[in-house]
Amino acid sequence: MLTISQVRGLASRLERAQTIADAGAVQKISGLPNDYVVRNGDGTQYYLVTIEPDCERCTCPDYQQRGKPLGLPCKHILAAQIVDELRQTEKGG
């Protein structure tokens, strides 16, 4: 069960993820159906994100230290999911 604090944290991450997606900082990796490269806010770091169902991963420190142990997505995973959902909608499925 999620705590109120965790829910608030997810809501904040979702807002930041939308900003990342809107900025065009999420790029699909050609030939890998569930993999993306996500640029951080200042453009100095890039993270590899996998959004396979039931097997999400990100190479960012936040996910490695907090998200992964708790099973919560980081803003980079959420941004990749936003972009992937848009891609699927545009493809018609």
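## A four-stranded sheet and its helix α3

Val49 stands opposite Cys58 of β4. That pair is a good place to start a tour of this predicted model, in which local features need pLDDT of at least 70 and side-chain atom pairs count only at pLDDT 80 or more, while totals for chains, interfaces and linings use all residues. Residues are numbered from 1 along each chain as its sequence is written, and side-chain values use heavy atoms, with hydrogens and water left out.

**The sheet.** Helices (H or I, at least four residues) and strands (E, at least two) are DSSP runs, numbered from the N terminus. Two strands pair if DSSP finds at least two bridges between them. Here, four strands form an open sheet in the order β1-β2-β3-β4, with antiparallel pairing. At the edges sit β1 and β4, each pairing on one side only. Ignoring direction, neighbouring strands of this sheet are turned by 20° against each other on average; axes are lines fitted to C-alpha atoms, for helices over the stretch in contact, and angles run from 0 to 180 degrees between N-to-C directions.

| Strand pair | Sense and bridges |
|---|---|
| β2 and β3 | antiparallel, five bridges |
| β3 and β4 | antiparallel, four bridges |

Val38 has Tyr47 in β3 as its bridge partner. Further on, the hairpin of β3 and β4 has two residues between the strands, and Asp54 there takes a positive phi near 65°.

**Helix α3.** This helix packs on the sheet, touching β1, β2, β3 and β4, and its direction makes about 60° with that of β3. Contact means heavy atoms within 4.5 Å. The helix has 17 residues (75-91), so at 1.5 Å a residue it should span 24 Å, and its end C-alpha atoms are indeed 24 Å apart; the expected span is 1.5 Å times one less than the number of residues.

Its buried residues are His76, Ile77, Leu78, Ala79, Ala80, Val83 and Asp84, where buried means under 20% relative accessible area, exposed over 50% and partly exposed in between (1.4 Å probe, protein chains only). Besides the strands, these buried residues pack against α1 (4-22) and α2 (61-70). After α3 comes Gly92, with a positive phi near 90°.

**Ile20, a residue in α1.** Ile20 lies in helix α1 and counts as buried because its relative accessibility is 10%. Leaving aside residues up to four places away in sequence, Ile20 touches Ala25, Val26, Val38, Arg39, Lys75, His76 and Ala79. The C-alpha atoms of Ile20 and Thr3, 17 residues apart along the chain, are separated by 25 Å.
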